[in-house]
Structures are given as structure tokens and as C-alpha cells.
Amino acid sequence: MHKNKKCKLADHEQKLLQSGELKNVSHLRSTSIWLEACSTDILELNRTRGNSSCQENDSEKLDIQVFDRMSVVYRPMGDQEIQHLVKHNQLPDTQPYQAIIEGALGREYAEKYLTGKKWVDTSPTTVVEFIVPETLVQKLFKLQHKAEDGVLSHGLGFKAGKTLELFNESLASSETTWRIVKVKRR
């Protein structure tokens, strides 16, 4: 584990590192601190969600969304956006496109913004994984998507899909959950 004395982690990053939710994967002479978590195994998550044991008399109380298949999307974020998400459990209306990208290739693509292979003026430091109802992901990508470097992205922002409110409603209702899976701190 590398400790760069010039780098300072944000409070939420320090807590995630101390709890073991993120691991320090920085190499010995790194000029940055790199924190990382494994991606959620969405196939396993959907398999275990489908094996829920319910009493027969509970069936009329159940909301069908409880058994909705889930999907995973990723988003690279700068400090202002991640701080807002941490504090409010909502994405702010600050970016014109605000991309989400689905699946393992989506994470790979989102991480390019931390490694410098892709660039945007918000200076991303963090990749966030969202576990989202598959029906919502399908709806969002049906409304708007674009191809970027071999992946499809959906723009939640005001110059793209204009679906940020819909996504934030899903966060507010806890249908969609999130966690940080990659951090680069200089």
C-alpha cells in the first residue's frame, strides 16, 4: 500500500478505505492515490433476487418492482458532483450531458477519464457504480443514447436525454443504489 503524503483523501473516501469498501491499489512510486472496489456481479445479484422466499399471504402486499431485474451503469464524476451525491443522494443538474454507461465495458470506459485517456472539463476523480432497475435503464437508453468508443452512453443532462429527474426519483425511492468503485487523488 502506497501512502503519498501530498495527496489528501476526501472524508467519504477515507471512511470507505478504513471500512474496507475501497482498497488502496496505488503502486509504490505513484504520484496519485488510487482506490478501487470490485464491480458488482450483476448476474449473481439478479439470481439471488429471484430466489426471494415469500409467504403466500404476503404476495398481495408485494410490489412487482421488488423482483425487477437490475442492471449496472457507471458514471465518472468530478469532486463537486460526487460531494453532492454523497450529501443528497441525488445527482446535481450541473453537466449538459451527464453520461451513464452500462456494464463492464461501461466501467472500463468511465475509468478512461481518470487515467487521462479521455478528457472532460469537470476533472473526474471518481467512478460511481449505480445498480438500477433494468426497466429504467432500457427506458433511458430508448429515449436517447450515443455510441462512444465502442460503448453506448445515455446522457441524463439537459443537452441530451433530459432524464436526470427520472434517475434522481429512482435514487430517492432507493430503487437505484450507488457506490464508489474507483478514486484517483493527486
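This is a dialogue between a trainee and a mentor about reading a predicted model of one protein chain.

Trainee: Where should I begin, and how many helices and strands are there in the chain?

Mentor: Begin with the inventory, remembering throughout that this is a predicted model. The chain has 6 helices and 8 strands, and from the N terminus on they follow the order α-β-β-α-β-α-β-α-β-α-β-β-α-β. Of its 186 residues, 46% are buried, and when we take the contacts between residues at least 6 apart in sequence, 73% of them join residues at least 24 apart.

Trainee: In which order do the strands stand in the sheet?

Mentor: The general idea is that strands of a sheet pair through backbone hydrogen bonds, either parallel or antiparallel. In this structure the 8 strands form an open sheet in the order β1-β2-β8-β5-β3-β4-β7-β6, with antiparallel pairing. Strands β1 and β6 stand at the edges with a single partner strand each, so one side of each has no neighbour in the sheet.

Trainee: Which residues stand opposite each other in these pairs?

Mentor: Let us walk from one edge inwards. Strand β1, residues 23-24, is joined to strand β2, residues 33-36, by 2 bridges in the antiparallel sense, and here Asn24 has Leu35 of β2 as its bridge partner. On to the next pair, where β2 and β8 (residues 177-185) are antiparallel over 4 bridges, with Trp34 opposite Lys184 in β8. Further along, β4 and β7 pair in the antiparallel sense over 3 bridges, and Ala99 has Gly155 in β7 as its bridge partner.

Trainee: What can I say about Thr31, and is it buried or exposed?

Mentor: Thr31 lies in the loop between β1 and β2, and with a relative accessible area of 65% it is exposed. Notice also that Thr31 and Arg186 are 155 residues apart in sequence, yet their C-alpha atoms are 6.6 Å apart in space.

Trainee: How do I read a helix, and which residues of α5 are buried?

Mentor: Look for the buried residues, and then ask where they fall around the axis. In α5, which covers residues 134-143, the buried residues include Leu136, Val137, Leu140 and Phe141. Seen down the axis of α5, its buried residues fall within an arc of 125°, so they line one face of the helix. The face turned away from that buried side carries the exposed residues Lys142 and Leu143, while the buried residues of α5 pack against β3, β4, β5, β7 and α6.

Trainee: Which residues are buried in α1?

Mentor: In α1, residues 11-19, the buried residues include His12, Glu13 and Leu16. They fall within an arc of 100° when seen down the axis of α1, so they too line one face of the helix. Asp11, Lys15 and Gln18 are exposed on the face turned away from the buried side of α1, and the cover over its buried residues includes β2, α3, β5 and β8. Just after α1, Gly20 takes a positive phi of about 90°.

Trainee: Which residues lie nearest the centre of the largest pocket?

Mentor: The general idea is that rolling a probe the size of a water molecule over the atoms shows where empty space is left. Here the largest pocket holds about 320 Å³ of space and is lined by 17 residues, of which Arg75, Tyr97, Gln98, Ala99 and Val120 lie nearest its centre. At least two residues of the lining come from each of β3, β4, α4 and β6. Ala99, then, belongs to this lining as well as being the bridge partner of Gly155 in β7.

Definitions and conventions: Residues are numbered from 1 along each chain as its sequence is written. This is a predicted model: local features need pLDDT of at least 70, side-chain atom pairs count only at pLDDT 80 or more; totals for chains, interfaces and linings use all residues. Side-chain values use heavy atoms; hydrogens and water are left out. Buried means under 20% relative accessible area, exposed over 50%, partly exposed in between (1.4 Å probe, protein chains only). Contact means heavy atoms within 4.5 Å. The arc is that of the directions from the helix axis to the C-beta atoms. Two strands pair if DSSP finds at least two bridges between them. On a 1 Å grid over the protein atoms alone, a cavity is a set of points where a 1.4 Å probe fits but cannot get out, and a pocket is an open set with protein on both sides within 12 Å along at least five of seven lines; lining residues have an atom within 4 Å of a point. Grid points are joined across faces, edges and corners, and a volume is the space filled by probe spheres set on the points.
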